[in-house]
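Let's take a walk through this one together, starting with the whole chain and then stopping at a few residues along the way.

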Amino acid sequence: MPSSTLSARWAWPLLLMPPCADSAMQFQSLADKAGVSFRHDASKSEAKHLIEAMGAGVAMLDYDGDSLLDLYFVNGADLSEVVQSGAMDKSAPRFWNRLYRNVGNWRFEDVTAEAGVAGSYYGMGVAVADYDGDGDQDLFVSNFGPDLLLRNEANGTFQEVGAESGIKGNGWSSGAAFLDFDNDGLLDLFVARYLDWTFSTSRPCGASLPEKRSYCHPREFGPATHALYRNLGEGRFQDVSDITGVADHPGKGLGVALNDYNGDGWVDIFVANDSYPQQMFRNVEGTRFEEFAIRAGAAYDAEGRDYAGMGVVWADYDGDLSPDLLVNALGRQGYWIYRNSRGHFEPRSDESGIAEISDLRSGWGMGLVDFDNDGWRDLFVGQGHVMDDISDSDPALSHEEPLMLARNLFGRFYDVASQAGPAFQRAFAARGAAFGDLDGDGRIDVAINVNNGNAVLLRNVSGSGNGVTVRLVGEGQNRDAIGAGVRIWSSTGPQQHAFRGSAGSYLSASSPDLHFGLGEGGRCESIEVSWPDGTTRTVSRPEGALVVIRQTR
């Protein structure tokens, strides 16, 4: 195995200057041409129900096993009769969640009806995993209303089995993640909850005149209790929120991310909270969770204030092989990077350049992704203020905003959106975002769910497709190998590390594959996988841009 040290990461010349135009990342907007006609319908009303403003997630998954990533968009529901009847009607096709099958060559076909995945209730987020270990990808959909567990029947259809499986979620669910928190080989489920809000407890906010009504601030409502379900096998789950301590720490949760931040072999959970302290649930040997964000230094901003945490990424941005945290927020709060220093998190928004480019931005779906394959993870953020009338009170802010694209040069970020293509010159009320290689060309593409708007699909056509994608196949029930760590060595640079999670961004699920840029002319020398059970496997000089690694004993 090639030798490498952490200091080598910083031995490269520190050319910390704005990137040149010839190194720009480029994207094409292809939703219409690709057949992705999805439009999110928030069922906006004069009453301004708070759920209308929050949008929904999107997933990339290979539901039919053809090695092409398909797309699943979550949608709202008709709220026109909800005050009188309490009903959230999703029967009209305009409110369906939508599944698009990838048929290759940037063509997608809508298979929602035949797959049986239109959903019910008011949709929020999505998580993806093979929770029953039968070899195909299943879907969990969080709702305002009962949550859904859609079991893949391996024949192109899904069966809703939430209630019979023991998933009894109700209220306002948001971000979710499959994980094996107790390392028993079965995938459990964590579900964040947003607010203690209902239509009956909703109240008018803003000016007293109906035409001046605004969406209420989340401070107007109390926190909600998150849920943790243990997988008992044979398709059954048990709510263990109380006995694991998760229920002791309600929050105002939106984005969820997973990692093993302290390297102890147990998966930890981070919850981005809106106008409430951020939460880090430290896994104590699979028996309980400690809420650890304050002690870890990641609960507040650098001034000790809470903020509107929306999307979250838990990954290494500075190349020291430790998972850092990035949480976005609303305009005038800035986005927050917390650098992991031996398990303690230190604010680095100013030093990283994020503070400067995010001050007047409002973030949601987000990814740290090496779009240009230079070995450094770049930053993409879908943006737009939650309040559709924000410019009335603050003209510097906007409900619809351009997408953010920031190139990572040696751990510092530079805004390069102006070079990235026409899609980055438009404004959106972006919400969920998912990332993956939709066409197998070695470049990571983006799908975005826009609140009350048309979906955006971005094809990455940046110059270099020189990367390696690692696909893990675990043993037993955890075939997705969620909880595994992957480290690579390349010929042109030092080590890189990634964690196989099942969440991140905002209410969304990205490709399960792990992608690493190799730099100009580089090749992958070695890949080391640390499996969830503590065993390791090393593959030397792998061939091809896609490397499938199976767990073997």
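How many helices and strands does the chain have? Counting them up gives 9 helices and 40 strands. Keep in mind as you look around that this is a predicted model. The radius of gyration is 22 Å, close to the 24 Å that the globule rule gives for 553 residues, so the chain is as compact as a globular protein of that length. If you'd like a feel for the dimensions, the C-alpha atoms fill a box of roughly 65 × 55 × 50 Å along the principal axes.

Now for what's inside and what's outside. Of the 553 residues, 61% are buried. Among contacts with a separation of 6 or more, 62% are between residues 24 or more positions apart. On the outside, the accessible surface comes to about 20,100 Å², and carbon and sulfur atoms account for 47% of it. As for charge, there are 77 negative side chains and 45 positive ones, yet the centres of the two sets lie just 2 Å apart.

Time to zoom in. Arginine 295 sits in helix 6, which covers residues 293-296. Is it buried or exposed? Its relative accessibility is 52%, and the cut-off for exposed is over 50%, so arginine 295 counts as exposed. Setting aside residues up to four places away in sequence, arginine 295 touches Glu290 and His344. Arginine 282 is 13 residues away from arginine 295 in sequence, and their C-alpha atoms are 11 Å apart.

Asparagine 373 makes a nice contrast. You'll find it in the loop between strand 27 (363-369) and strand 28 (378-383), and with 1% relative accessibility it counts as buried. What does its side chain reach? That would be the backbone oxygen of glycine 442, at 3.1 Å. Beyond its sequence neighbours up to four places away, asparagine 373 also touches residues from other parts of the sequence, including Arg443, Ser464, Asn466, His515 and Phe516.

Last stop: serine 511, in the loop between strand 36 (496-499) and strand 37 (514-517). Its relative accessibility is 14%, and under 20% means buried, so serine 511 counts as buried. The side chain of serine 511 reaches the backbone nitrogen of aspartate 513 at 3.1 Å. Leaving out neighbours within four places in sequence, serine 511 is in contact with Met60, Leu69, Phe435 and Gly436.

Key. Residues are numbered from 1 along each chain as its sequence is written. This is a predicted model: local features need pLDDT of at least 70, side-chain atom pairs count only at pLDDT 80 or more; totals for chains, interfaces and linings use all residues. Side-chain values use heavy atoms; hydrogens and water are left out. Helices (H or I, at least four residues) and strands (E, at least two) are DSSP runs, numbered from the N terminus. The radius of gyration is taken over C-alpha atoms; the globule rule is 2.2 Å times the number of residues to the power 0.38. Buried means under 20% relative accessible area, exposed over 50%, partly exposed in between (1.4 Å probe, protein chains only). Contact means heavy atoms within 4.5 Å. Accessible areas come from the Shrake-Rupley method with a 1.4 Å probe; for residues, only the protein chains shown count as cover. Lys and Arg count as positive and Asp and Glu as negative; His and the chain ends are not counted. The place of a charge is taken as NZ of Lys, CZ of Arg, CG of Asp or CD of Glu. A polar contact is a pair of N or O atoms within 3.5 Å; within protein, one must be able to donate a hydrogen and the other to accept it, and residues adjacent in sequence count only if both atoms are side-chain atoms.
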